[in-house]
Amino acid sequence: MENKSVRTLQAIFQHSIENHAQRPALGTIDDAPLTYAEVGQRVSELSVFLHKNGIVSGDRVAILSENCVNWPIAFFAVTTMGAVVVPILPDFHANEVHHILRHSNAKAVFISEKLYSKLEDVNLEEPNLVILIDDFSIIPPRTSDARLKEMLREGGKELAKLREAALRFSGLRSATVGEEDLASIIYTS
């Protein structure tokens with residue numbers, strides 16, 4: 001009998017963590033890179049956070065952000081728990097962003113502070129969870145762009161409290177992701 005390895009993003013990600021734990025995985029020019037083990041830990045914590053905030057296998061989670069270290073962490077946190085990533089191009093107009101969020105039925109969105117204004121006037125039942133990708137803080141509902149900037153100028157204390165409370169959760173069992181499960185929905189121009 002042939003031993004067929006599972007070919008999922010979850011399996012590839014786990015294989016990379018196990019085989020390259022102390023090697024650099026992600027980084028920026030000015031900071032020390034994160035190792036695969038560190039990325040794996042952050043992905044795991046973020047998956048637990050998402051689960052505790054109501055995101056389950058099959059749910060859609062949008063990412064609207066420029067490139068940053070936290071982008072792939074968010075991507076793998078979503079896909080390894082069996083949810084579906086909906087990446088949104090940063091240069092899309094706010095109307096296009098709103099359409100994608102509606103059409104995809106995104107239950108959550110990771111967004112950068114720089115692009116937050118594109119969500120400001122959206123009238124959706126979903127996403128009910130908005131997360132600042134810069135530091136994985138929950139942005140309270142109906143927060144204006146001006147208020148978010150004010151919160152960040154004040155040192156993000158309010159956002160930090162929300163993030164720390166959310167990341168204290170533990171006990172999420174790893175979801176089983178199949179080779180035929182949907183991982184991402186990509187909208188093009």
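**Exercise 1. Work out whether T8 is buried or exposed, and find what its side chain meets.**

Step 1. Start with the cover: T8 has a relative accessibility of 5%, so it counts as buried. (Buried means under 20% relative accessible area, exposed over 50%, and partly exposed in between, with a 1.4 Å probe and protein chains only.)

Step 2. Now place T8 in the chain: it sits in the segment before helix 1. Helices here are DSSP runs of H or I with at least four residues, strands are runs of E with at least two, and both are numbered from the N terminus.

Step 3. Look for a polar partner. A polar atom of the T8 side chain lies 2.9 Å from the backbone nitrogen of A11. That fits a polar contact, a pair of N or O atoms within 3.5 Å; within protein, one must be able to donate a hydrogen and the other to accept it, and residues adjacent in sequence count only if both atoms are side-chain atoms.

Step 4. Finally, list the neighbours. Leaving out residues up to four places away in sequence, T8 touches V177, G178 and E179, where contact means heavy atoms within 4.5 Å.

A note before going on: this is a predicted model, in which local features need pLDDT of at least 70 and side-chain atom pairs count only at pLDDT 80 or more, while totals for chains, interfaces and linings use all residues. Residues are numbered from 1 along each chain as its sequence is written, and side-chain values use heavy atoms, with hydrogens and water left out.

**Exercise 2. Say how confident the predictor is, and where its confidence is lowest and highest.**

Step 1. Take the whole chain: the mean pLDDT is 83, and 82% of the residues reach 70 or more. (pLDDT is the predictor's confidence in each residue, from 0 to 100.)

Step 2. Go to the extremes. Helix 6 (residues 157-166) has the lowest confidence, with a mean of 53, while strand 4 (residues 84-88) has the highest, at 97.

**Exercise 3. Sketch the chain: how many helices and strands does it have, and in what order do they run?**

Step 1. Count them: six helices and seven strands.

Step 2. Read from the N terminus and you get α-β-β-α-β-α-β-α-β-β-β-α-α.

Step 3. Add the burial: of the 189 residues in the chain, 41% are buried.

**Exercise 4. Find the salt bridge and describe its two ends.**

Step 1. Apply the rule: a salt bridge is a side-chain nitrogen of Lys or Arg within 4 Å of a carboxyl oxygen of Asp or Glu. The count comes to one.

Step 2. Name the pair: K107 and D59, with their closest N and O atoms 3.6 Å apart. They link distant parts of the chain, since K107 is in strand 5 (residues 106-111) and D59 is in the loop between helix 2 (36-52) and strand 3 (60-64), 48 residues apart.

Step 3. Check the cover at each end. K107 is partly exposed at 26%, whereas D59 is buried at 11%.

**Exercise 5. Explain why helix 3 can be called largely enclosed by the rest of the structure.**

Step 1. Count: eight of its 11 residues are buried, so helix 3 is largely enclosed. The buried ones are N70, I73, A74, F75, A77, V78, T79 and T80.

Step 2. Zoom in on N70, which has 11% relative accessibility. A polar atom of its side chain lies 3.1 Å from the backbone oxygen of D134. Beyond four places in sequence, N70 touches I133, D134, D135 and F136.

Step 3. See what follows: G82 comes after helix 3 and has a positive phi, near 90°.

**Exercise 6. Which residues have the most contacts inside the largest nonpolar core?**

Step 1. Fix the term: a nonpolar core is a set of buried Ala, Val, Leu, Ile, Met, Phe, Trp, Tyr and Cys residues joined through side-chain atoms within 4.5 Å.

Step 2. Read them off: L46, L50, I55, I73, F110 and F136, in a core of 27 residues. Helix 1 (9-19), helix 2, strand 3, helix 3, strand 5 and strand 6 (129-132) each supply at least two core residues.

Step 3. Follow one member. Apart from neighbours within four places, L46 is in contact with I73, A74, A77, F110 and F136.

Step 4. Don't miss the second, separate core: it has 19 residues, including I88, L119, V130 and I139.
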